[in-house]
Amino acid sequence: VQLQASGGGLVQAGGSLRLSCAASGSISSIIVMGWYCQAPGKQRELVATITSGGSTNYADSMKGRFTISRDNAKNTVYLQMNSLKPEDTAVYYCAADMITPSTIFPSRYWGQGTLVTVSS
C-alpha cells in the first residue's frame with residue numbers, strides 16, 4: 001500500500017495550486033484521507049481531512065482558502081489551495097487511514113510529501 005502525492009511547486013502569493021494524492025495497493029477501505037504540512041523548523045500540522053462520506057475538517061488558518069475533496073472510485077484526495085500566502089510554504093504530506101485485507105483496524109499511511117513554495 002502506498003500514497004503518491006503530486007502537484008507541489010513554486011507559486012506567487014495570491015496564486016493557486018492543486019495537490020493530488022492517490023492510494024494504491026491492496027486496500028479494503030479508506031476511512032479518512034487528509035493533508036498535513038510541515039514548514040521549516042516546525043512540527044507537522046493538520047491542513048484538512050475528509051471522510052469516505054465527504055465530511056471535512058480544516059485547520060482554522062486554511063478555512064475559506066483551501067478545499068479538500070476526494071474521489072472514492074480513484075482512491076484519490078485533492079487539495080485545492082487558493083489565495084496562497086508565503087506562510088503556506090511547507091512540505092505537504094497526504095495521509096490515509098486504511099484497512100487492508102490483512103488488517104482489522106485502520107492504520108495510518110503517509111505519502112512522500114510535496115514541496116509548496118509561495119513567493120512574496
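**Stop 1: the cavity**

Select Val 32, Met 33, Gly 34, Tyr 36, Thr 49, Ala 95, Ala 96, Asp 97 and Arg 108: together they line the largest cavity. You are looking at a predicted model, so keep that in mind as you click around. The space inside this cavity comes to about 30 Å³, and the structure holds one cavity of 30 Å³ or more.

Which elements give two or more residues to the lining? Colour strand E4 (29-38) and strand E9 (90-99), and you have them. E4 gives the most, with four residues. By type, the lining of the largest cavity has five nonpolar residues, two polar and two charged.

How can empty space be found at all? Rolling a probe the size of a water molecule over the atoms shows where empty space is left.

**Stop 2: the pocket**

Now select Glu 45, Ser 61, Met 62, Glu 87 and Asp 88. Of the 14 residues that line the largest pocket, these lie nearest its centre. The largest pocket holds about 220 Å³ of space. What kinds of residue line the largest pocket? Six are charged, five are nonpolar and three are polar.

**Stop 3: the nonpolar core**

Hide the pocket and show the side chains of Trp 35, Val 47, Phe 66, Ile 68, Leu 79, Met 81 and Tyr 92. The largest nonpolar core has 31 residues, and these are the ones that touch the most other members. Several strands give two or more residues to this core, among them E1, E3, E4, strand E5 (45-51) and strand E11 (114-119). Which element gives the largest share? That is E9, with five residues. As background, nonpolar side chains in soluble globular proteins tend to be buried together.

**Stop 4: the sheet**

Switch to a cartoon view and find the open sheet of four strands, whose order is E1-E3-E8-E7 with antiparallel pairing. At its edges are strand E1 (2-6) and strand E7 (66-71), each of which pairs on one side only. From one strand to the next, the twist averages 15°.

Next, pick out strand E3 (residues 17-24) and strand E8 (residues 76-81), which run antiparallel and are joined by six bridges. To see one partnership, select Cys 21 together with Val 77, its bridge partner in E8.

Then move across to E7, which also pairs with E8 in the antiparallel sense, over six bridges. Here you can select Thr 67 and find Gln 80 as its bridge partner in E8.

Stay on E7 and compare its two faces. Which residues lie on the covered face? They are Phe 66, Ile 68 and Arg 70, while Thr 67, Ser 69 and Asp 71 make up the uncovered face. Two residues of that covered face, Phe 66 and Ile 68, may look familiar: they were on the list at the core stop.

**Stop 5: two loops with a twist in the backbone**

Follow E7 to its end and select Asn 75, in the loop between E7 and E8. The hairpin of E7 and E8 has four residues between the strands. Asn 75 has a positive phi of about 50°, although it is not a glycine. Is Asn 75 buried or partly exposed? Its relative accessible area is 25%, so Asn 75 counts as partly exposed.

Finish by selecting Ser 83, in the loop between E8 and E9. Ser 83 also has a positive phi, near 50°, in a residue other than glycine. Its relative accessibility is 41%, so Ser 83 counts as partly exposed.

Terms used:
Residues are numbered from 1 along each chain as its sequence is written. This is a predicted model: local features need pLDDT of at least 70, side-chain atom pairs count only at pLDDT 80 or more; totals for chains, interfaces and linings use all residues. Side-chain values use heavy atoms; hydrogens and water are left out. On a 1 Å grid over the protein atoms alone, a cavity is a set of points where a 1.4 Å probe fits but cannot get out, and a pocket is an open set with protein on both sides within 12 Å along at least five of seven lines; lining residues have an atom within 4 Å of a point. Grid points are joined across faces, edges and corners, and a volume is the space filled by probe spheres set on the points. Ala, Val, Leu, Ile, Met, Phe, Trp, Tyr, Cys and Pro count as nonpolar, Asp, Glu, Lys and Arg as charged, and the others, Gly among them, as polar. Two strands pair if DSSP finds at least two bridges between them. Axes are lines fitted to C-alpha atoms, for helices over the stretch in contact, and angles run from 0 to 180 degrees between N-to-C directions. A nonpolar core is a set of buried Ala, Val, Leu, Ile, Met, Phe, Trp, Tyr and Cys residues joined through side-chain atoms within 4.5 Å. Buried means under 20% relative accessible area, exposed over 50%, partly exposed in between (1.4 Å probe, protein chains only).
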